[in-house]
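Good morning, and thank you for coming. I shall present a structure through its helix contacts, a helix in its interior and two unusual loop residues. Please keep the display in view as I speak.

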2 protein chains.
Amino acid sequence: MPQSSLKSPGHFDTICIVGVGLIGGSLAAAVKQRQLAARIIGVGRNLPRLQSAQQAGLIDDCLVDLSAAAAESDLIVFCTPVDKIVTGVREAAAHCRPGTLMTDGGSTKGAICAAVSGSLPADVHFVGAHPLAGSEKQGFEHANADLYQDRICVVTPHNDSDPTAVSQVSAFWRQVGMTVIEMSPEEHDNILAETSHVPHLVASALAATLRDETRPLTSSGFRDTTRIAAGDEHLWAAIFQGNKTAMLAGLDQFETQLRELRGAIERDDTETLVQSLRAARVKRETLE
Amino acid sequence: MPQSSLKSPGHFDTICIVGVGLIGGSLAAAVKQRQLAARIIGVGRNLPRLQSAQQAGLIDDCLVDLSAAAAESDLIVFCTPVDKIVTGVREAAAHCRPGTLMTDGGSTKGAICAAVSGSLPADVHFVGAHPLAGSEKQGFEHANADLYQDRICVVTPHNDSDPTAVSQVSAFWRQVGMTVIEMSPEEHDNILAETSHVPHLVASALAATLRDETRPLTSSGFRDTTRIAAGDEHLWAAIFQGNKTAMLAGLDQFETQLRELRGAIERDDTETLVQSLRAARVKRETLE
């Protein structure tokens, strides 16, 4: 391995945030608040929107040209939809300086890390991450410097990750207030399929059953259960497709549980029904 | 039909509330606050609990003997689990005075109304109801006089319901602050299967997939989607079993939607996946 040009963690001259929406905008706000960088460049496709984010004080400069921004940055954070991250990383890698660090905020990790692994120039480093923080709101107007505070960030080193790069990326996410857990991209995807991606698909399927005649008779339970179905369909389609294998395995597990409950109702098997509902309640209660 | 002894609506000498938990206790509080009765008798199996509710000022008297309470009441409201209502109505009917009105707060209506229909003495009236209000809290200690305010109450007359009794029961639920919708018990059960019972079973199935390894990586989406799985398993098993046919039909519809979404992921059919997720999002957004 060549001599690393990675800098010591804790402060960056220039951080580039690609995708300045709610997630990227909140990250910019957190970086500003904690003075983690001398300068933040925001990159996106929509210059007027970027200029508004700059006027709002979230970013210091804005560029639609990722290559140009990459050439000036020490750390590049991709906050774009998951299906745009690999292309962005490759483009940035072709133009950035030795020692540049890259990470992302995508909800899937396996496909992204595998596609990037081994394809970057020597001494340019990408370490995947998934900050578990978000909001149903969209747009940098709702940016919140505390969005990441006290939340979990999963950092997913892959086989050829540089250990120094991993520790620097982990340190960055800690500096915006997060608790970092490291695991492999595959383990991340298996777990997130169960805790996030399957629940989202299930919520969407439930919301899809709503009819004009039934709408007046929904109560807070239906609203809670379907809340995440209000998420952006393009973002979520990309997540489901980017985590297809684990998603289908997670759906199998959910369907097994549902079949067990349904079967108990069909058979008038009160004992099994009550036992299964109790087990589910007890599991749910461990969350709060 | 014999000359009705039903009184004019608006005020009752004595209201009996059977089951003084959160639902019954809140009803008692609302009746007190709005001065809808001169006296409230609370009935339950646990005398010390009833005495505590009386000391808390929710009820004026308490009895474990439903027959004795029924003999003194003008209106009896059953706030017990759905599988206890029919037995209670029959016992009360055998001891109450002509003109006594009965209603309930159960989440299923078809089986209850069918079992009661035609089995009561002349001039004793049961009109089923389902106030769509509740809380994840339990016990009269959490009683809230405003629980029913501005919420929907479904009143479900059956074929041989006395029209005066129906209008008086509807008036009562309006007087505690609710908007009353009338429909048949069967229509109620079909709709509530879709808007409440199936979502509850789905939330329980999702909660059941939670594992020790996945718990740290749940986020607010998982919590929202599984919140109602924390409900009491006995209450909900009785609801599912009391609405078995509509419940299974509602599950069929949910499973059809889920299969469509799953199929699009399996086939890498982005267009269908995005369209289906968008349709679900748009339906969800009509709720708020």
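Let me begin with a pair of helices from two chains: H9(A) and H11(B) are oblique to each other, where oblique covers angles that are not under 35 degrees (roughly parallel), not over 145 (roughly antiparallel) and not 65 to 115 (roughly perpendicular). A word on conventions: this is a predicted model, in which local features need pLDDT of at least 70 and side-chain atom pairs count only at pLDDT 80 or more, while totals for chains, interfaces and linings use all residues. Residues are numbered from 1 along each chain as its sequence is written, chains are lettered from A and ligands numbered from 1 in the order in which they are written, and side-chain values use heavy atoms, with hydrogens and water left out.

Helices here are DSSP runs of H or I with at least four residues, strands are runs of E with at least two, and both are numbered from the N terminus. Two packed helices are described by the angle between their axes and the distance between the axes. For H9 (residues 233–242) of chain A and H11 (residues 270–285) of chain B, the angle is about 130° and the axes are 9 Å apart. The axes are lines fitted to C-alpha atoms, for helices over the stretch in contact, and the angles run from 0 to 180 degrees between N-to-C directions.

The crossing of H9(A) and H11(B) is right-handed; that is, the near helix is turned clockwise from the far one by less than a right angle, whereas anticlockwise would be left-handed. Which residues of H9(A) and H11(B) meet? From H9(A) come A:Glu233, A:His234, A:Trp236, A:Ala237, A:Phe240 and A:Gln241, and from H11(B) come B:Thr270, B:Leu273, B:Val274, B:Leu277, B:Arg278 and B:Arg281. Contact means heavy atoms within 4.5 Å. The residues in this contact of H9(A) with H11(B) are six nonpolar, three polar and three charged. In this scheme Ala, Val, Leu, Ile, Met, Phe, Trp, Tyr, Cys and Pro are nonpolar, Asp, Glu, Lys and Arg are charged, and the others, Gly among them, are polar.

I turn to helix H10 of chain A. H10 (residues 244–266) of chain A packs on H7 (residues 185–208) of chain B at about 130°, with the axes 8 Å apart, and H10(A) and H7(B) are therefore oblique. H10(A) passes H7(B) in a right-handed crossing. Among the residues that meet are A:Phe254, A:Leu258 and A:Leu261 in H10(A) and B:Leu201, B:Ser204 and B:Ala208 in H7(B). By class, this contact of H10(A) with H7(B) has nine nonpolar, two polar and one charged residues.

One residue of H7(B), B:Ser204, deserves a closer look. Is B:Ser204 buried or exposed? B:Ser204 counts as buried, because its relative accessibility is 1%; buried means under 20% relative accessible area, exposed over 50%, and partly exposed in between, with a 1.4 Å probe and protein chains only. Apart from neighbours within four places in sequence, B:Ser204 is in contact with A:Leu261, A:Leu277, A:Ala280 and B:Ala229.

H10(A) also packs on H11 (residues 270–285) of chain A, at an angle of about 150° with the axes 8 Å apart. That makes H10(A) roughly antiparallel to H11(A). The crossing of H10(A) and H11(A) is left-handed.

Next comes the interior. Helix H1 (residues 22–33) of chain A has twelve residues, nine of which are buried, so H1(A) is largely enclosed by the rest of the structure. Its buried residues are covered by elements of chain A including strands E1 (12–18), E2 (37–43) and E4 (75–78) and helix H6 (163–175). A:Ala30 is found in H1(A) and is buried, at 0% relative accessibility. Beyond its neighbours within four places in sequence, A:Ala30 is in contact with A:Ala145 and A:Val176.

Finally, two loop residues in chain B. B:Gln35 is not a glycine, yet has a positive phi of about 55°; B:Gln35 is in the loop between helix H1 (22–33) and strand E2 (37–43). B:Asp150, also not a glycine, has a positive phi of about 65°, and lies in the loop between strand E7 (128–131) and strand E8 (152–156). B:Gln35 is exposed at 61% relative accessibility, and B:Asp150 is exposed with a relative accessible area of 61%.

Key
Expected span 1.5 Å × (residues − 1).
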